[in-house]
Amino acid sequence: MPAVTKVLVLGGGLAGTATAILLAQEGVTVDLVESKTDVAAIGSGITLQGNALRELRRLGVWPRAKAAGYPFDRLGLRAPDGTVLAEIPDVRSGGDDLPATMGMPRPVLARILLDRARETGVKIRFGDSVLRLDQDGTGVEATFTARSDDRYDLVVGADGIRSATRRMLGIDVEPRPTGMGIWRAFGPRPASVTHTDLYYGGASYIAGYTPTGEDSLYAYIVEDAQDHSGLTPEERLAAMCRLASAYHGPWDEIRSTLDDPSRVNYTRFETHVVPSPWHRGRVVLVGDAAHSCPPTLAQGGAQALEDAAVLAELLLTRDVVDEDLWAEFTARRHDRARTVVEASNQLGRWLLDGEQGDVPGLVRRIGTLVSQPA
């Protein structure tokens with residue numbers, strides 16, 4: 001018998017929906033509560049490496065995700081003028097039977113996971129949140145904003161980088177800025193774009209793009225963190241196009257298609273790792289609530305999915321929620337996630353300091369690490 005029979009998941013992102021699916025498909029009653037009204041309308045593109053694809057297969061959504069995405073097996077490095085400097089075979093960290101990497105639209109992935117959650121019996125409520133969590137030795141009483149109180153065996157805080165659950169638990173850890181910010185745009189894919197290319201140097205730290213489907217890609221430019229909140233959508237588009245003008249090769253065609261201000265956004269890099277343990281009693285943090293990974297190594301989503309997989313495995317194979325369970329969860333997740341976050345930050349520091357770090361070597365080392373299942 002599983003260690004839990006009724007679980008509350010707070011947050012409808014990757015970590016939350018994955019946790020809910022894995023528990024519900026084995027008969028656990030799961031309520032998933034998301035404060036936003038529609039998480040499947042948010043975001044541009046996402047890069048998923050093999051270890052993330054391995055978890056999508058475990059979730060039962062790999063065929064749907066593959067059909068909606070664009071798989072590839074190498075990473076290109078280019079100079080600002082478009083010259084190809086290197087093409088690096090990506091590590092197949094999910095196994096030889098999965099692509100090394102896949103890009104896809106983030107809203108599409110969110111919709112696939114939410115549909116799968118409903119199929120497994122997860123009860124999903126949007127536009128709701130928790131006001132209080134009161135726990136004892138056997139469960140947690142949750143007080144909601146939009147419905148009556150309810151009691152659960154366990155609460156999973158998967159409510160993102162600004163996690164309200166983390167604050168409710170009294171964990172005084174907040175993300176810190178890294179000094180970088182990223183412009184992202186979603187648009188059509190030129191035929192010349194068949195994998196991720198990263199351009200280092202020029203007007204910005206990184207300019208890159210990732211195919212997300214037969215007809216789509218997302219492009220991104222990393223610069224010093226700035227406050228662009230006062231810009232209109234049209235001004236944001238102009239700012240990204242101005243930075244992109246320093247890059248050539250496929251960028252010339254990509255830039256010519258960037259004409260929709262609503263598909264351009266800007267965010268600043270932030271990072272944190274909650275020290276172990278990630279639980280307090282019968283409330284546990286996963287995903288960005290526990291650790292936020294700058295996108296320099298494209299591992300944020302994968303680490304969130306791995307959190308969900310390990311937590312669900314332990315809850316389904318143990319008879320009781322006890323310190324032995326939490327000790328194994330910590331042993332399998334904390335150092336692994338911290339290593340990935342630290343590597344992502346290391347790459348950012350090299351760029352900020354103008355150092356010629358071993359980028360290919362760093363990418364290979366993390367690929368080797370995540371090739372081993374969490």
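This is a short tour of a predicted model, stop by stop, for a viewer session.

**Whole chain**

Start with everything shown as a cartoon. The protein has 10 helices and 20 strands. Its radius of gyration is 20 Å, close to the 21 Å that the globule rule gives for 374 residues, so the protein is as compact as a globular protein of that length. Align the view to the principal axes: the C-alpha trace spans about 60 × 45 × 40 Å along them.

**The six-stranded sheet**

Select strands 8, 2, 1, 12, 19 and 18, in that order across the sheet. This is an open sheet of 6 strands with mixed pairing. Strand 8 (123-126) and strand 18 (279-280) are the edge strands, and each pairs on one side only.

Now add helix 1, residues 14-24. Helix 1 lies across strand 1 (6-10), strand 2 (29-34) and strand 12 (154-157). Against strand 2, helix 1 runs at about 165 degrees.

Go to the edge at strand 18. What joins strand 18 to strand 19? Strand 19 covers residues 283-285, and 2 bridges join it to strand 18 in an antiparallel run. Pick His-279 and look across to strand 19: its bridge partner there is Val-284.

**A cis bond in the loop before strand 18**

Step back along the chain to Pro-277. Pro-277 sits in the loop between strand 17 (264-273) and strand 18. Select Ser-276 with Pro-277 and check omega: the peptide bond that joins them is cis, with omega about 0 degrees. Most peptide bonds are trans, and most residues other than glycine have a negative phi.

The phi part of that rule has its own stop. Select Ala-298, in the loop between strand 20 (291-292) and helix 8 (300-317). Ala-298 is not a glycine, yet its phi is positive, about 55 degrees.

**The hairpin of strands 5 and 6**

Select strand 5 (74-78) and strand 6 (84-89). The two run antiparallel, joined by 5 bridges. Leu-75 stands opposite Ile-88 of strand 6. Next, look at the turn. The hairpin has 5 residues between its strands, and Gly-82 takes a positive phi near 100 degrees.

**The second largest pocket**

Keep strand 5 on screen and switch on a surface. Rolling a probe the size of a water molecule over the atoms shows where empty space is left. The second largest pocket holds about 360 Å³ of space. Which of its 17 lining residues are closest to the centre? Select Tyr-200, Gly-201, Leu-351, Glu-355 and Gln-356.

Then colour by element. Strand 5, strand 14 (196-200), helix 9 (323-353) and helix 10 (359-371) each give two or more residues to the lining. Helix 9 gives the most, with 3 residues. Colour by class next: the lining has 11 nonpolar, 4 polar and 2 charged residues.

**The three-stranded sheet**

For the last stop, select strands 9, 10 and 11. They form an open sheet in the order 9-10-11, with antiparallel pairing. The edges are strand 9 (130-135) and strand 11 (150-152), each paired on one side only. Neighbouring strands of this sheet are turned by 25 degrees against each other on average, direction ignored.

Zoom in on strand 10, residues 140-144. Strand 10 is joined to strand 11 by 3 bridges, and the two run antiparallel. Finish on Glu-141: its bridge partner in strand 11 is Arg-151.

Definitions and conventions
Residues numbered from 1 in each chain as written. Predicted model: local features only at pLDDT ≥ 70, side-chain atom pairs only at ≥ 80, totals over all residues. Heavy atoms only, no water. Pairing = 2+ DSSP bridges. Helix = DSSP H or I, 4+ residues; strand = E, 2+ residues; numbered from the N terminus. Contact = heavy atoms within 4.5 Å. Axes fitted to C-alpha atoms, helices over the stretch in contact; angles between N-to-C directions. 1 Å grid on protein atoms, 1.4 Å probe; cavity = no way out; pocket = protein on both sides within 12 Å on 5 of 7 lines; lining within 4 Å. Points joined across faces, edges and corners; volume = space filled by probe spheres on them. Nonpolar A, V, L, I, M, F, W, Y, C, P; charged D, E, K, R; others polar. Rg over C-alpha atoms; globule rule 2.2 N^0.38 Å.
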